[in-house]
Amino acid sequence: MAYYHRIGQIPHKRHTQFRQPDGSLYSEQLVGTLGFHGVSSLLYHIHPPTQIKKVGEPVPYAPKLLKDRPLEPSHLRTLGQTTTGGDYLKARQTLIGNADVTMSICNPTERRMDYYYKNALADEVIFVHEGSGELWSQLGIVRFEPGDYVVIPRTIIHQLHFDEGPVRLLIIESFSPVETCRRYRNHFGQLLEHSPYCERDIRPPHELISGDVRESGDYVVKIKKEGYLHELTYGHSPFDVVGWDGYFYPYAFSIHDFEPITGRIHQPPPVHQTFEAHNFVICSFVPRLFDYHPDSIPAPYNHSNVDSDEVLYYVAGNFMSRKGVDLASFTVHPSGIPHGPHPGTVEASIGKKETHELAVMVDTFRPLYLTEAALPYLDKNYPMSWNPDFKHEPPRAADMMD
């Protein structure tokens, strides 16, 4: 993240003596990425964070990418097909991915994780479609609600605690750091006046974990790395942090706080960009006024994704350029072939003043692949849905969210 934050007790200077009430030293830990050149935070633990009691056997935990599928647009209907169920890790189903990013659905039925989790290789961006709760981590508590992006940098040990009610998550896993958009930052890292959001909209941890963090015991941390889940048992809670400061921490940002950029004629997709990483971007389509040129066409023009694959995840509203798409659907439009509005939607958009659609878009600069887990959700008729005589199945739920 791009600004400094601190919570709890820390010494006046880095890497100096910082003693507990009994005279022993607190244990300092630097957490960050990109060696010693990326952003980082300094944490102060009651116990050393290195005291491993037991190492378990690794368990395979990787999707199978299907690289031999035809070049075609795809539509994945995930609403009402199945409940992924179980705890936060068991409930994940990775549907789309490449070497830079994966996209998963997750509908956990268990409210609380009885273990701790760390992704050792990737940042995770959780988009909360349905549900609410709290992210607990070494750096404190972040409250989340529907519409929030919860950004969790790699190496952060955490748990998710869900409130009562259904939970529906989109999880974007990035194998490079997820950042705010460079064109919206000055050389100090501050978000500029023309940015569609600012630091006031970003919600870092607000309080540290209290309770039994001083107690010894068996604390299981499941670590995701190189296609496996590794299980390490530690002697003390990883949440035994009394203070920290720095630029590296989890945070929440609501899609409802993204301020749309509009113009007299149709604006290109980069105006919706919210986050960036190596070889892909994350964009937010939010309710907004349409173009105000007297002859404007609000629907997007046909375009060829020459250098990128485009994924749209539909959250709410009636997306003007698509027919037969539900909420919680994915559309995947690969590079190499053009795509655009469904027949009739261009004329129908003329004269419309605003839209109430809500969607998350991921544009990648290397080809994406469906996984084996995606096949049960596949709408096999979607590639032909631009033919004028195609019979579109009406959306079952999206219009109800308008």
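1. Start at His266. His266 touches Asp291, Ile297, Pro298, Ala299, Pro300 and Tyr301, leaving aside residues up to four places away in sequence. The model is predicted, and the label on this residue comes from a record: UniProt, in an unreviewed entry, places the feature "active site" at His266. The residue sits in the loop between strand 19 (251-254) and strand 20 (273-277). Is His266 buried, exposed or partly exposed? It counts as partly exposed, because its relative accessibility is 22% and the buried class stops under 20%.

2. The annotated binding site comes next. An unreviewed UniProt entry places the feature "binding site" at His303, Asp309 and His339. These residues span 37 residues in sequence, yet no two of their C-alpha atoms are more than 11.8 Å apart, so they gather at one spot. His303 lies in strand 23 (residues 303-304). His303 touches Glu310, Pro338 and His339, with residues up to four places away in sequence not counted. One of these contacts, His339, is itself named in the binding-site record. His303 is partly exposed, at a relative accessible area of 23%.

3. Domains. The chain is divided into domain 1 (51-72 + 80-238 + 250-254) and domain 2 (259-384). Their centres, taken over C-alpha atoms, are separated by 25 Å. The contact takes 43 residues from domain 1 and 43 residues from domain 2.

4. The core. The largest nonpolar core has 77 residues. Which members touch the most others? They are Tyr88, Ile96, Ile172 and Val360. This core draws at least three residues from each of domain 1 and domain 2. A second, separate core of 12 residues includes Ile157, Ile209, Tyr219 and Leu232.

5. Ile172 deserves its own look. Beyond residues up to four places away in sequence, Ile172 touches Val101, Thr102, Met103, Asp123, Glu124, Val125, Phe280, Ile282, Val360 and Val362. Among these contacts is Val360, another of the core members that touch the most others. The list also holds Asp123 and Glu124, which return below as salt-bridge residues.

6. Salt bridges in strand 10. The structure holds 15 salt bridges. In one of them, the side chains of Glu124 and Arg92 meet at 2.6 Å, N to O. Glu124 lies in strand 10 (residues 123-130) and Arg92 in strand 7 (residues 92-97), so the pair ties together parts that are 32 residues apart in sequence. Both Glu124 and Arg92 are buried. The side chains of Asp123 and Arg154 also meet in a salt bridge, at 2.8 Å, N to O. This pair links distant parts of the chain, 31 residues apart: Asp123 is in strand 10, and Arg154 is in the loop between strand 13 (148-152) and strand 14 (158-162). Asp123 counts as buried at 5% relative accessibility. Arg154 counts as buried too, at 11% relative accessibility.

7. Another bridge, and a network. The side chains of Glu173 and Lys224 meet in a salt bridge of 2.9 Å, N to O. Glu173 lies in strand 15 (residues 168-174) and Lys224 in strand 16 (residues 216-225), so the pair ties together parts that are 51 residues apart in sequence. Glu173 is buried, and so is Lys224. Elsewhere, salt bridges that share partners join Arg143, Glu145 and Asp163 into one network.

8. Check Lys118. Lys118 is found in strand 9 (residues 116-119). How far away is the nearest side chain of opposite charge? That side chain is Asp240, 12 Å away; Lys118 is buried yet has no salt bridge. Apart from residues up to four places away in sequence, Lys118 touches Thr155, Ile156, Ile157, Val221, Lys222, Ile223 and Lys224. Of these contacts, Ile157 belongs to the second core, and Lys224 is the salt-bridge partner of Glu173.

9. Backbone outliers to inspect. Leu34 has a positive phi of about 60° although it is not a glycine. Leu34 is placed in the loop between strand 2 (27-32) and strand 3 (40-45). At 55% relative accessibility, Leu34 counts as exposed. Ala328, also not a glycine, has a positive phi of about 65°. Ala328 is in the loop between strand 24 (309-316) and strand 25 (329-333). Ala328 is buried, with a relative accessible area of 0%.

Conventions: Residues are numbered from 1 along each chain as its sequence is written. This is a predicted model: local features need pLDDT of at least 70, side-chain atom pairs count only at pLDDT 80 or more; totals for chains, interfaces and linings use all residues. Side-chain values use heavy atoms; hydrogens and water are left out. A nonpolar core is a set of buried Ala, Val, Leu, Ile, Met, Phe, Trp, Tyr and Cys residues joined through side-chain atoms within 4.5 Å. Buried means under 20% relative accessible area, exposed over 50%, partly exposed in between (1.4 Å probe, protein chains only). Domain bounds come from an automatic or database domain assignment. Contact means heavy atoms within 4.5 Å. Helices (H or I, at least four residues) and strands (E, at least two) are DSSP runs, numbered from the N terminus. Lys and Arg count as positive and Asp and Glu as negative; His and the chain ends are not counted. A salt bridge is a side-chain nitrogen of Lys or Arg within 4 Å of a carboxyl oxygen of Asp or Glu. UniProt positions are given in the numbering used here, feature names are shortened, and annotations may be inferred rather than shown by experiment.
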